[in-house]
Amino acid sequence: MSRVRILAVVSEIFPLVKTGGLADVAGSLPQALRQHDIEMVTLVPGYPAVKAALGRTEEVLALADLFGGTARVLAARTAGLDLLVLDAPHLFDRPGTPYSAPDGGDWPDNAFRFGALGWTAARIGLGELPGFQPDIVHGHDWQAGLTMAYLAYDGGRCPRTVMTVHNLAYQGQFAAALLGQLRLPPRAYGIEGVEHYGAIGFLKAGLQFADRITTVSPSYAKEIQTADMGFGLDGLLRRRAAVLSGIRNGIDVDVWNPETDTRIASCFGASSLADRLPNKAAVQRRFALRQDPDRLLLGLVGRMVWQKGLDLLADAMPALVKSGAQLAVLGAGEPALEQRLAALANDHRGQVGCIIGYDEDLAHLVQAGADAVLVPSRFEPCGLTQLCAMRYGAIPVASKVGGLADTIIDAEADARDATGLHLFPVTRETLEAALKRTAKLWSAPAKWRAVQANGMRSDVSWTGPAKDYSSLYRSLLAAKN
Ligand code: ADP
Ligand code: GLC
């Protein structure tokens, strides 16, 4: 088995910069691949948070003019990751999230910010970085999509390419007039190129040109080929079905380990579940809920966006409150959803708590202290919170879509191996019914403990998925010869 060298291209990476699960995947996959003799080096934008986290760096490439400014690529080894950091102050040296200003609006020059990421990735893929010739360039989500187009139009000796879709809802659509400024040739503007519904589609470009397409669960790989969940790209994905597959995500089981987690109030394991209780008490305290170890405590951690079904949860609040269960919600996102959840918490003080914000430590505590974790997503490419929940002994109550369908076994369908509860289709009514089933299970402690134990025993690690990525990379390289 020979060593494979991969250049990963991604817009966020844990623990340096994170807005969601993409960062977790980008941060943990390289380590999991090492045992398969795969060397993954990751190109990320040099946002202030990334540059601040770097120790020793070495300039390995200079770019005299990268869309309006000078830039360089810095090599660094940080937090166990081999990084190439695109240091382009005119594009990335800004406050806010990787994508938007502190006031919440997307940066108006995002086409150039992530065009620059793709352009640089293509230069490296084409061998311009001394001493590093990747066999494969692996791009993640729309921010990396143009990489594939730049490689294809260069005409040089291209490495093989893989494009992973973490969320088809975000596509990176920009004005057609930017074509030339993005250094794309006129012929790129067509259905066989980067054109998508009268604009330049970054994700479309990636899906059009990559040798292989993956997404983050087998079910989502099927769903995105349907008109309902294809977000306008289902036709292209159906055309490319032969090279499209789904590999479910794992979680970093060292970062998410209830036996050693320093972010929680009390460590515990499957054989010391009594030690879980101080975490429940801590969640009740943090969310200003009544202290009561016997009351069913539901938790939710996630981005407050339409995808995650928080409006359905808000609709179901009267039923939830009537059932007597408690709810602790941690999230941030769309202001209307934030306000709605915060108002409900205010109306039901002591029973419903809501903390608006992004708090990695508190996310761990909720997983460690909640009895069940809600994931009522309308669609979910994979989802990581249900995997964390299982590992931490919280029972996931989740929609039966995408990765949630693939990673949870419903208590009704297969009681012996059950790891959680499903709801489908995703509506207020089915969510209410799932909450009822959760309360019923809670009232049968032996059954509850069996489901909890199954979840804690489930393999939510990267071991299986890393093997699948390794096979994919190797079969792609073999197909070349
Ligand atoms: P998505 O990537 O769609 O946001 P995932 O379930 O794949 O959903 O991953 C979400 C990740 O972000 C998890 O690691 C989760 O713990 C974390 N997360 C989401 N919202 C918050 C928050 N408000 N505070 C802390 N962590 C959060
Ligand atoms: C996306 C998806 C989520 C997935 C994550 C990592 O943000 O919404 O389901 O787990 O990417 O792949």
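1. Let's start with helix α1. Its 13 residues, at 1.5 Å a residue, should span 18 Å, and the C-alpha atoms at its two ends are 18 Å apart, so expectation and model agree. Keep in mind throughout that this is a predicted model.

2. Is α1 mostly covered or mostly open? Mostly covered: eleven of its 13 residues are buried. Among them are Leu 22, Ala 23, Asp 24, Val 25 and Ala 26. Further along the helix, Gly 27, Ser 28, Leu 29 and Pro 30 are buried too, and so are Ala 32 and Leu 33. Have a look at Asp 24 in particular, as it comes back in the next point.

3. Now for ligand 1. It is surrounded by 19 residues, and the closest are Gly 21, Asp 24, Arg 303, Gly 357 and Leu 384. A polar side-chain atom of Asp 24 sits 2.8 Å from an oxygen atom of the ligand. Two backbones join in: a polar backbone atom of Gly 21 is 2.7 Å from a ligand 1 oxygen, and a backbone N or O atom of Leu 384 is 2.8 Å from an oxygen of ligand 1. On its own, ligand 1 would expose 560 Å², and the protein buries 93% of that.

4. Where does the shell around ligand 1 come from? At least two residues each are supplied by α1, β13 (297–304), β14 (326–333) and α13 (360–369). The largest share is that of β13, with three residues. Sorted by class, this shell holds five nonpolar, seven polar and seven charged residues.

5. Ligand 2 has 14 residues around it, the closest being His 166, Asn 249, Glu 380, Cys 382 and Gly 383. Two side chains to check on screen are those of His 166, with an N or O atom 2.6 Å from a ligand oxygen, and Asn 249, with an N or O atom 2.8 Å from an oxygen of ligand 2. Cys 382 takes part through its backbone, where a polar atom is 3.0 Å from an oxygen atom of ligand 2. Taken alone, ligand 2 exposes 310 Å², of which the protein buries 93%.

6. Which helix gives the most to the shell around ligand 2? That is α1 (residues 21–33), with three residues. Since α1 also supplies at least two residues of the shell around ligand 1, this helix is a good place to begin when you rotate the model. The class count for the ligand 2 shell is six nonpolar, six polar and two charged residues.

7. A quick check on the cysteines. How many disulfides are there? The count is zero. For Cys 267, the closest cysteine sulfur is in Cys 388, and at 15 Å that is too far for a bond, given that a disulfide needs the sulfur atoms within 2.5 Å. Cys 388 is in no disulfide either, with the nearest cysteine sulfur, in Cys 382, 10 Å away. As for cover, Cys 267 is partly exposed, with a relative accessible area of 34%, while Cys 388 is buried at 5%.

8. Two cis peptide bonds deserve a look. One joins Phe 14 and Pro 15, with omega about 10 degrees, and Pro 15 lies in the loop between β1 (4–9) and α1. Another runs from Phe 424 to Pro 425, with omega near -10 degrees. Pro 425 is placed in the loop between β18 (421–423) and α16 (428–442).

9. Next, some backbone angles. Phe 67 is not a glycine, yet its phi is positive, near 50 degrees. You'll find Phe 67 in the loop between β3 (57–63) and β4 (71–78), and it counts as buried because its relative accessibility of 12% is under 20%. Arg 183, also not a glycine, has a positive phi of about 60 degrees. This residue is in the loop between β8 (173–175) and β9 (195–196) and is partly exposed, at 29%.

10. Finally, two more loop residues. Pro 102, in the loop between α3 (89–92) and α4 (110–125), counts as exposed at 61% relative accessibility. Its C-alpha atom is 48 Å from that of Arg 416, a residue 314 positions away along the chain. Ser 461, in the loop between α17 (445–457) and α18 (463–480), is buried, with a relative accessible area of 9%. The Ser 461 side chain makes a polar contact of 2.9 Å with the side chain of Thr 463.

Methods. Residues numbered from 1 in each chain as written. Chains lettered and ligands numbered in written order. Predicted model: local features only at pLDDT ≥ 70, side-chain atom pairs only at ≥ 80, totals over all residues. Heavy atoms only, no water. Near = heavy atom within 4 Å. Polar contact = N/O pair within 3.5 Å; in protein donor to acceptor, adjacent residues only side chain to side chain. Areas by Shrake-Rupley, 256 points an atom, 1.4 Å probe, with all protein chains shown as cover. Helix = DSSP H or I, 4+ residues; strand = E, 2+ residues; numbered from the N terminus. Nonpolar A, V, L, I, M, F, W, Y, C, P; charged D, E, K, R; others polar. Expected span 1.5 Å × (residues − 1). Buried < 20%, exposed > 50% of the residue type's maximum accessible area, 1.4 Å probe, protein only.
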